[in-house]
Amino acid sequence: MNAALNPVASPHVMNTYGRLPIALTHGHGCRVWDTNGKVYLDALAGIAVNTLGHAHPKLVPALQDQVAKMIHCCNYYHVPDQERLAQMLVERSGLSNVFFCSTGLEANEAALKLARKFGHDKGIERPEIVVYEKAFHGRSIATLSATGNPKIQAGFGPLVEGFIRVPANDLAALKKATAGNPNVVAVFFEAIQGEGGVNPMTVDYMQGLRALCDANDWLMMIDEVQCGMGRTGKWFAHQWAGILPDVMPLAKGLGSGVPIGAVVAGPKAANIFSPGNHGTTFGGNPLAMRAGVETIRIIEEDGLLANAERVGTRLKTRFATALMEHPGVRDVRGHGLMLGIELAKPCGVLTQRAADAGLLISVTADSVIRIVPPLIMTEAEADQVADILLPLITTFLAE
């Protein structure tokens, strides 16, 4: 077969991913099919993107309708669904306004610009932002600099300056790292670190951080790109702590697969940008906005917040019950349908073994199995995930 026609070879595509030898053709609900007709249970959802699964019967006709009307127009003009989606996000977050872009990286980049301009507007010449060990905020030079993973930073220096790195869930360490520093303008963190190993910030820590930001006039910026949009059973993961951020980047699950990013801002950050300070070509286009509007509408109509919490609890309980006494398992953690199973040794081989057994997962931070399925997953499907994955884990740990 000509290599260019081989569905599991991409010789003309830049080699930036360690791909499995699988090419997917279509999906329905929580299942997808490859070019050989093999079916997989999808517990990855395009890395927490396919909120409504595949070919959702309410989403598909809405997107078909929009494609037939208008896919894109630029931001020289008002886009009615921008205002509609912005209002929906403001109402569900308790914040003030929204900037739309196309990816989580762009949303995080915009957040960093907001923080710097916030500092400059206060007369701080070299603003500094607190970020975290094991964080992941993107792969542009600025977001890579904010990321806490030396492995993916290697080869791309010099990195952007202006970041102070601290460990998660340690308020004393943060206070020590920022003591007497007048240049600190913001604290930037994921409510649940995704790529870093599904590491949740505790409720107490987030509440303490909110108080610290208020006391010091810092922006609290919470990256909800992966853990937001209902994944934990609330709209946004920080809402379990009963706090409000000043800046909240979103993406991934917001459009159920259509590329979309957003920065939701509270009163302290809502008016930092003015015309000319920031912009985007594709961000906020009619197709992406319709996808966002319909995603939120369907999540609510179908009760998917409660479903994410219920099904996630069942899945977490099954894994914890079966694995937590095993010496090769360090932790089972996460919230709702964002779960991580940390093993005592690197376990990247499990992505292929799971796929061979008809299950799509990922391994992140070398030794953490990540499970982030569509929010439509049923308890029966969750049981199937556990039934497939548990024997693979125990066999692997016995090797």
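## The pairing of β13 and β14

In this predicted model, Val 329 stands opposite Leu 343 in β14, and Gly 334 faces Leu 339 of that strand. These two pairs belong to a ladder of six bridges that joins β13 to β14, the latter spanning residues 338–343, with the two strands running antiparallel. The strands form a hairpin with two residues between them, and in this hairpin Gly 336 takes a positive phi near 60°.

How many residues of β14 are buried? Six of its six residues are, so that the strand is described as mostly covered, burial being set at under 20% relative accessible area. Both faces of the strand are covered, with Met 338, Gly 340 and Glu 342 pointing to one side and Leu 339, Ile 341 and Leu 343 to the other. The charged side chain of Glu 342 is thus listed among the buried residues of β14.

## The antiparallel sheet around β14

The hairpin is part of an open sheet of four strands, in the order β13-β14-β17-β16, with antiparallel pairing. Its edge strands are β13, residues 329–335, and β16, residues 362–364, each of which pairs on one side only. Neighbouring strands of this sheet are turned against each other by 25° on average, direction ignored. Helix α12, which covers residues 379–398, packs on the sheet and touches β13, β14 and β17, and the direction of the helix makes about 20° with that of β14.

On its other side β14 pairs with β17 in the antiparallel sense over four bridges, and within that pairing Ile 341 has Ile 369 of β17 as its bridge partner. Ile 341 is also one of the buried residues of β14.

## A mixed sheet that includes β1

A further open sheet of four strands has the order β1-β2-β3-β15, and here the pairing is mixed. The edge strands of this sheet are β1, residues 24–28, and β15, residues 359–360, each pairing on one side only. Four bridges join β1 to β2, which spans residues 31–34, and these two strands run antiparallel; within this pairing, His 26 stands opposite Trp 33 in β2.

## β12 and its two neighbours

Strand β12 pairs with β4 in the antiparallel sense over five bridges, and with β11, residues 247–250, in the antiparallel sense over four bridges. Ala 262 of β12 takes part in both arrangements, since Phe 100 stands opposite Ala 262 and Leu 250 likewise stands opposite Ala 262.

Which residues of β12 point one way, and which the other? Gly 261, Val 263 and Ala 265 point one way from the strand, whereas Ala 262 and Val 264 point the other way, and all are buried. The strand is accordingly described as mostly covered, with five of its five residues buried.

## The second largest pocket

The second largest pocket has a volume of about 800 Å³. It is lined by 28 residues, of which the closest to its centre are Asn 75, Gln 82, Val 98, Phe 99 and Phe 100. Phe 100 therefore has two roles in this description, as a residue that stands opposite Ala 262 in β12 and as one of those closest to the pocket centre. Several elements contribute to the lining: α3 (80–93), β4 (97–101), α4 (104–121) and β12 (261–265) each supply at least two residues. By class, the lining has 16 nonpolar, 11 polar and one charged residues.

## Backbone features in the loops

A cis peptide bond joins Gly 157 and Pro 158, with omega at about 0°. Pro 158 lies in the loop between α6, residues 150–153, and β6, residues 163–166.

Two residues that are not glycines have a positive phi, namely Val 198 at about 55° and Ala 365 at about 50°. Val 198 is found in the loop between β8 (192–193) and β9 (199–200), while Ala 365 is found in the loop between β16 and β17, two strands of the antiparallel sheet described above. Are these residues buried or partly exposed? Val 198 has a relative accessible area of 0% and is buried, because that value is under the 20% limit for burial. Ala 365 has a relative accessible area of 39%, which places this residue between the limits of 20% and 50%, so it counts as partly exposed.

Terms used. Residues are numbered from 1 along each chain as its sequence is written. This is a predicted model: local features need pLDDT of at least 70, side-chain atom pairs count only at pLDDT 80 or more; totals for chains, interfaces and linings use all residues. Side-chain values use heavy atoms; hydrogens and water are left out. Two strands pair if DSSP finds at least two bridges between them. Axes are lines fitted to C-alpha atoms, for helices over the stretch in contact, and angles run from 0 to 180 degrees between N-to-C directions. Contact means heavy atoms within 4.5 Å. On a 1 Å grid over the protein atoms alone, a cavity is a set of points where a 1.4 Å probe fits but cannot get out, and a pocket is an open set with protein on both sides within 12 Å along at least five of seven lines; lining residues have an atom within 4 Å of a point. Grid points are joined across faces, edges and corners, and a volume is the space filled by probe spheres set on the points. Buried means under 20% relative accessible area, exposed over 50%, partly exposed in between (1.4 Å probe, protein chains only).
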